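Here are a few exercises to work through with the model open beside you. Try each task before reading its solution.

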Amino acid sequence: MSGVLLWVVSPKENATSLLGLMPRIGNPKRSKFCSRLSFSPGILAYSGAVAHPSRSSEERVYEVVLKQAALVREQRRPKEKALDFGEGVESSDGMTNWDLLNEAYDRCGEVCAEYAKTFYLGTLLMTPERRRAVWAIYVWCRRTDELVDGPNASYITPKALDRWEKRLTDLFDGRPYDMYDAALSDTVAKYPVDIQPFKDMVEGMRLDLRKSRYQNFDELYLYCYYVAGTVGLMSVPVMGISPESKASTETVYNAALALGIANQLTNILRDVGEDARRGRVYLPQDELAQAGLSDDDIFRGKVTDKWQSFMKDQIKRARMFFDEAEKGVAELNSASRWPVWASLLLYRQILDAIEANGYDNFTKRAYVGKAKKLVSLPIAYGRAIIGPSKLTKPLVAR
Ligand SMILES: CC(C)=CCC/C(C)=C/CC/C(C)=C/CC/C(C)=C/COP(=O)(O)OP(=O)(O)O
């Protein structure tokens with residue numbers, strides 16, 4: 001399990017801190033940070049999420065969020081970067097470049113259909129143009145994840161990840177290496193998608209290679225951003241924000257980030273036993289110690305009162321991220337809302353399943369059964385009908 005995602009920073013003074021499960025009333029650090037950035041996003045030089053280790057993960061990630069939001073706001077996609085596929089130039093087998101590009105996208109769709117059926121069905125609700133862009137992003141993320149989680153994972157070195165990142169910059173510059181890259185290259189030329197979340201995901205894979213313990217939630221949060229929050233940030237420019245939305249772009253990105261983090265935390269809670277068998281413990285060490293638990297308890301895999309109470313708190317925090325994510329779904333384009341609601345409701349139910357298993361995530365895998373999945377779809381549809389609130393005040397003009 002490498003996974004992905006992050007947390008949302010609400011610029012509101014009384015926002016709840018998801019990091020500590022503590023109400024944040026006028027956190028001076030956060031307020032200063034937010035106001036500085038929101039007053040002058042254009043002049044801030046972004047230097048990557050890992051450049052200033054003295055800042056909290058939350059602050060570092062929020063900087064990425066602001067940059068993504070600014071990109072969408074300005075819709076500034078350098079035109080010269082668009083892939084030049086020429087005008088129907090025929091190759092030796094009689095295919096034009098446009099045919100090749102269409103085929104590349106179709107192949108991405110096939111991979112998506114094979115590895116993520118429910119997600120694929122959801123994408124069919126989107127417009128054809130957006131749907132195939134989402135497939136191209138999905139395939140790149142899947143391939144990246146496979147580097148450290150797939151059959152060749154034991155051969156993967158930091159150098160191989162450096163080469164993968166070079167390939168990424170090439171495709172962003174319009175020089176794709178293979179068909180899947182070509183589809184993504186086209187997507188990033190058409191939508192205001194920035195390279196940073198992609199680079200950060202590769203960074204998440206580097207982290208997975210060298211780290212198997214997380215001292216506290218701040219460390220885990222950064223990991224979740226790298227491997228899952230990034231997916232939320234990559235998806236919003238393609239899924240699109242509703243033209244009727246009055247919410248700030250940051251709000252929507254924050255919600256997307258929160259959904260990624262929520263999914264990843266859920267993934268971690270579901271896979272505790274499986275990860276332990278691979279020598280990995282993603283749960284924050286300080287919180288385990290506070291609960292009177294240690295790695296040994298996890299390797300022993302016995303459900304005790306201490307474990308149940310620890311798990312209750314972990315599940316509570318994951319649910320808070322889902323709650324935060326919910327706030328942004330209505331702001332998305334109408335065609336994107338149903339699949340996002342569906343995935344949110346389905347993944348959140350894994351937490352219910354962990355509870356139903358008596359918190360035994362050592363020997364039982366929590367899953368959502370077919371019947372529950374089916375029931376969730378009309379519920380998601382019902383929620384997706386609700387569009388942006390007319391009452392939301394724009395925090396930052398878009
Ligand atoms: C909420 C708003 C405004 C937008 C939505 C933005 C999106 C699409 C966010 C979702 C991000 C996402 C899908 C992150 C991936 C998280 C994750 C843990 C995936 C797990 O993947 P696998 O490991 O294949 O899962 P399974 O093991 O459950 O099959």
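Helices here are DSSP runs of H or I with at least four residues, numbered from the N terminus. Please keep in mind that this is a predicted model.

**Exercise 1. Place Trp164 in its surroundings: which helix holds Trp164, and which residues is Trp164 in contact with beyond its neighbours within four places in sequence?**

Solution. Start with the helix: Trp164 sits in H6, which covers residues 158-172. Next, look for partners beyond four places in sequence; these contacts are Thr144, Leu147 and Val202. For a distance check, take Arg143, which is 21 residues from Trp164 in sequence and 10.0 Å from it in space, C-alpha to C-alpha. Finally, count neighbours: Trp164 is classed as partly exposed because 16 C-beta neighbours lie inside 10 Å.

**Exercise 2. Find the loop that holds Tyr359, and decide whether Tyr359 is buried or exposed.**

Solution. Tyr359 belongs to the loop between H15 and H16 (370-385). Its backbone deserves a look: phi is positive, about 65°, although Tyr359 is not a glycine. For burial, the cut-off is 20 or more other C-beta atoms within 10 Å. Tyr359 has 22 C-beta neighbours inside 10 Å, so it counts as buried.

**Exercise 3. Describe how domain 1 meets domain 2.**

Solution. First take the bounds: the domain assignment gives domain 1 as 1-76 + 194-398 and domain 2 as 98-191. The contact between them uses 24 residues of domain 1 and 27 residues of domain 2. Now stay on the side of domain 1 that touches domain 2, where H8 (196-210), H9 (217-239) and H15 (334-356) are the elements giving two or more residues. H8 has the largest share of that side, with eight residues. Sorted by class, this side of domain 1 has 16 nonpolar, five polar and three charged residues.

**Exercise 4. Which residues have the most contacts inside the largest nonpolar core?**

Solution. The largest nonpolar core has 94 residues, and Ala136 and Ile137 have the most contacts inside it. H9 contributes the most to this core, 16 residues. Check the domains as well: at least three residues of this core come from each of domain 1 and domain 2. Then zoom in on Ala136, which, leaving aside neighbours within four places in sequence, is in contact with Tyr105, Cys108, Ala183, Leu184 and Thr187.

**Exercise 5. Which residues come nearest to the ligand, and which helix supplies the largest share of the shell around it?**

Solution. Among the 21 residues around the ligand, Val231, Gly232, Ala256, Asn263 and Gly328 come nearest. The helices H9, H10 (249-270) and H14 each give at least two residues to the shell. H10 supplies the largest share, eight residues. By class, the shell around the ligand has 13 nonpolar, eight polar and no charged residues.

**Exercise 6. Compare the reach of H14 with the span expected for its length, and list its buried residues.**

Solution. H14 runs over residues 305-329, 25 residues in total. From first C-alpha to last, H14 reaches 37 Å, close to the 36 Å expected at 1.5 Å a residue. Its buried residues are Trp307, Phe310, Met311, Gln314, Ala318, Met320, Phe321, Phe322, Glu324, Ala325, Gly328 and Val329. Gly328 also appeared in Exercise 5, among the residues that come nearest to the ligand.

Technical notes:
Residues numbered from 1 in each chain as written. Predicted model: local features only at pLDDT ≥ 70, side-chain atom pairs only at ≥ 80, totals over all residues. Expected span 1.5 Å × (residues − 1). Buried ≥ 20, exposed ≤ 12 C-beta atoms within 10 Å, placed from the backbone. Domains from an automatic or database assignment. Contact = placed C-beta atoms within 7 Å. Nonpolar A, V, L, I, M, F, W, Y, C, P; charged D, E, K, R; others polar. Near = placed C-beta within 6 Å. Core = buried A, V, L, I, M, F, W, Y, C linked by C-beta atoms within 7 Å.
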